[in-house]
Amino acid sequence: MFLTKEEEKALDGEYGPGLQLAMRILVKLGDLFGAERLLPVRSAHVSGISYKTAGDAAIGFLEDLCEMGARASVLATTNPCGFDERLSGLLELPDHIVSAQKKLLALYEHLGLKMTLTCIPYYQFRPERGSHLAWAESSAVVYANSVMGAFTNREGAPSALAAAIAGRTPDYGLHRPENRQPGLLADFSFRPRDEVELWAAGFYVGQVARDAVPLLRGLKGLSDWELKGLGAAMASGGMTAMFTLEGPTEGLEKVEVGREEAASVLEKLSTAEEPDLVFLGCPHCSREELALLVEHLRGREVKRPFWICTSRHIRASCPELVKAIEASGALVVVDTCVVVSWVEKLGVDVVATNSPKAAYYLPGLSGVRVRLANMRECVELACSKGSG
């Protein structure tokens, strides 16, 4: 790999051991993937923020970095953590979990990362089209490449943090234009009835596309929040880091995507059981989703726990929507997501949501079952007493 003189000095430790370690991680990664150089990045987005998923190993690694004097050199945002302070009375987490989570956040903050604690940092800090990034949140990666026209690979937490410190990332994968061309034609032969069916079909595409960039034919007029959820579902179904809705189709392998494929995903991921908790916001809800939710909740009263997960930025930017939602008894939650929270500490067995991503990850992370339902149905479930 070719390094500039400044990069060589950093790798040799002339600018301190923290930057040196970050450079070693990036150079090793570049060597593994055949990169010829490092690229400057405009921002990094770091995962591994929740103590539930990161554990004590992350704390030790971050402590070492802080002792080495490492610090972010570019804008660096953070993924959701394990809880919202407002939920502390509900969750009643053991002291060691609370203290470990707070320590993890303090270490990231000491390293110069912004405590955005969201999987949708792009609504607050939106990169320019064509800019190179080092993002680790799978749903944000797909959105960045596919909707914003930015360039990022699907980073791991350590490589995204290293890129935040060094301000660089190896030039391989989706940073290179030739690797951003479609490799699979996903032909939608039906019009999805709602976001859940759309996203379930996207999950299926992720399964069959593997690491290819799928071109989705037959989908038109999708809103921003539908695209956000579609990318998240594809990334959960496989390794999809980018999709496109247009382009040449000649020579592409073709796969039919119909209602039957979406139904098969829903059958595997969803239960018909009554939920103990209803939640929306995986990925975190946008302002557009909050506005839609207000319409569905107008004049209604929530009768079972209903969490709406979003970012601090979104909640602060639309207080009138938040007030209208919480007037129903629902709770607008920030800093966390049910997927990386300690929801099992609430005694929850079944969660209802409109997110196939959540339905895929929650059983393994929290041991709960998931009922998939669209936004309107989630409101109905939240406002009904149920059989229990």
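Why does tyrosine 360 count as partly exposed? In this predicted model, the label follows because tyrosine 360 has a relative accessibility of 42%, and the partly exposed class runs between the buried limit of 20% and the exposed limit of 50%. Tyrosine 361 also counts as partly exposed, because its relative accessibility comes to 27%.

These two tyrosines turn up again once the rings are looked at. A pair of aromatic rings is described by how far apart the centres are and by the angle of the planes. The structure holds nine aromatic pairs. One of them joins tyrosine 360 to tyrosine 361 in an edge-to-face arrangement, with 4.9 Å from centre to centre and 80° between the planes. Elsewhere, a single aromatic cluster is made up of Tyr122, Tyr123, Trp135 and Tyr143.

Rings also meet charges here. Arginine 180 has its charged end over the ring of phenylalanine 151, at 3.9 Å from the ring centre. Likewise, the charged end of lysine 52 sits over the ring of tryptophan 342, this time 5.5 Å from the centre.

Then there is glutamate 226, which belongs to helix H9, spanning residues 224-237. This glutamate is buried but has no salt bridge. Arginine 191 offers the nearest side chain of opposite charge, and that is 7.6 Å away. What glutamate 226 does have is a backbone partner: a polar atom of its side chain lies 2.8 Å from the backbone nitrogen of serine 223. Setting aside neighbours within four places in sequence, glutamate 226 is in contact with Leu198, Trp199 and Gly221.

Technical notes
Residues numbered from 1 in each chain as written. Predicted model: local features only at pLDDT ≥ 70, side-chain atom pairs only at ≥ 80, totals over all residues. Heavy atoms only, no water. Phe/Tyr/Trp six-rings, centres within 6.5 Å; stacked < 30°, edge-to-face > 60°. Buried < 20%, exposed > 50% of the residue type's maximum accessible area, 1.4 Å probe, protein only. Lys NZ or Arg CZ within 6 Å of the ring centre and 35° of its normal. Helix = DSSP H or I, 4+ residues; strand = E, 2+ residues; numbered from the N terminus. Lys, Arg positive; Asp, Glu negative; His and termini not counted. Salt bridge = Lys/Arg side-chain N within 4 Å of Asp/Glu carboxyl O. Polar contact = N/O pair within 3.5 Å; in protein donor to acceptor, adjacent residues only side chain to side chain. Contact = heavy atoms within 4.5 Å.
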